[in-house]
Each structure stands twice: as C-alpha cells, then as structure tokens.
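Please find below a short note, set out in numbered points. It is best read with the sequence and the structure in view.

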Amino acid sequence: MGSSPAMAYDINSYKDGAVHAYSYGTNTRVAVSDTKQDGHPVYVKYKRETSTELYTLWNKSGNGTTITSTSAGAIYVIQACVSIDGWPDSCDSKRE
C-alpha cells in the first residue's frame with residue numbers, strides 16, 4: 001500500500017476589519033491583506049512545520065493590497081496583526 005496524501009486545510013485570521021491573513025490548500029505560503037483604509041500597516045506572524053522560528057510577513061502597501069510569502073514548509077499557525085504607532089499591536093488570537 002502507498003502512503004495517503006497529506007490533508008490540506010485552510011487557515012484564516014482576521015483582526016478589526018483591517019487585516020486578513022490566510023494560508024490555503026497545501027499551506028506552503030501565507031498571505032496578508034490590508035482590508036481597511038486607515039493608514040496602519042498590517043502583518044502576519046506564522047510558524048512552519050519545518051522550523052521552530054516565528055516568522056513575520058509585513059504588508060505596508062496600503063488598503064486593498066496583498067503580500068504573499070515564498071513557498072516552504074507547511075504553515076500551521078497564523079496570527080493577523082495591525083501595527084499602530086505608539087500603541088501595543090492589535091493581533092488576533094493564534095490560530096493553530
């Protein structure tokens with residue numbers, strides 16, 4: 001018998017109507033979209049199965065834009081965040 005294919009699942013994280021972070025399908029890439037015209041940059045914190053490191057992908061391009069990571073090991077944790085100058089960052093609860 002051959003091995004069965006890996007299960008794919010979609011991961012989504014949202015915060016304050018300002019950011020949508022996601023990884024779909026095989027989960028080898030993460031994307032972060034700025035979804036609010038508020039002038040605040042957004043980012044996603046994420047982990048890959050191939051590392052213990054916590055990665056960060058920034059989107060400083062403004063409302064209506066999406067930034068996508070390079071392809072690597074499967075992503076299993078994402079956390080959408082909004083960067084507000086002078087205040088603690090606003091982040092969604094961790095998605096595992």
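**Note on the predicted model**

1. A salt bridge joins D16 to K15, with 3.8 Å between the closest N and O atoms. This model is predicted, and the count of salt bridges in it comes to one. The separation of 3.8 Å meets the cut-off, which is 4 Å.

2. Both partners of this salt bridge may be described by their accessibility. D16 is partly exposed because its relative accessible area is 49%, a value that lies between the limits of 20% and 50%. K15 is likewise partly exposed, at a relative accessible area of 23%.

3. The aromatic pairs number three. One of them is formed by Y46 and Y55, whose ring centres are 5.4 Å apart, with 25° between the planes. This pair is classed as stacked, because planes under 30 degrees apart count as such.

4. How accessible is Y46, and how accessible is Y55? Y46 has a relative accessible area of 7% and is therefore buried, whereas Y55, at 24% relative accessibility, is partly exposed.

5. W58 and K60 should also be examined. The charged end of K60 lies over the ring of W58, at 4.9 Å from the centre of that ring.

6. On confidence, the protein chain has a mean pLDDT of 88, and 86% of its residues reach 70 or more. Over residues 1-5, however, pLDDT stays under 50, and the model has zero contacts for these residues beyond four places in sequence. Where pLDDT is low, predicted coordinates should not be read in detail.

Conventions
Residues numbered from 1 in each chain as written. Predicted model: local features only at pLDDT ≥ 70, side-chain atom pairs only at ≥ 80, totals over all residues. Heavy atoms only, no water. Phe/Tyr/Trp six-rings, centres within 6.5 Å; stacked < 30°, edge-to-face > 60°. Buried < 20%, exposed > 50% of the residue type's maximum accessible area, 1.4 Å probe, protein only. Lys NZ or Arg CZ within 6 Å of the ring centre and 35° of its normal. pLDDT = per-residue confidence, 0-100. Contact = heavy atoms within 4.5 Å. Salt bridge = Lys/Arg side-chain N within 4 Å of Asp/Glu carboxyl O.
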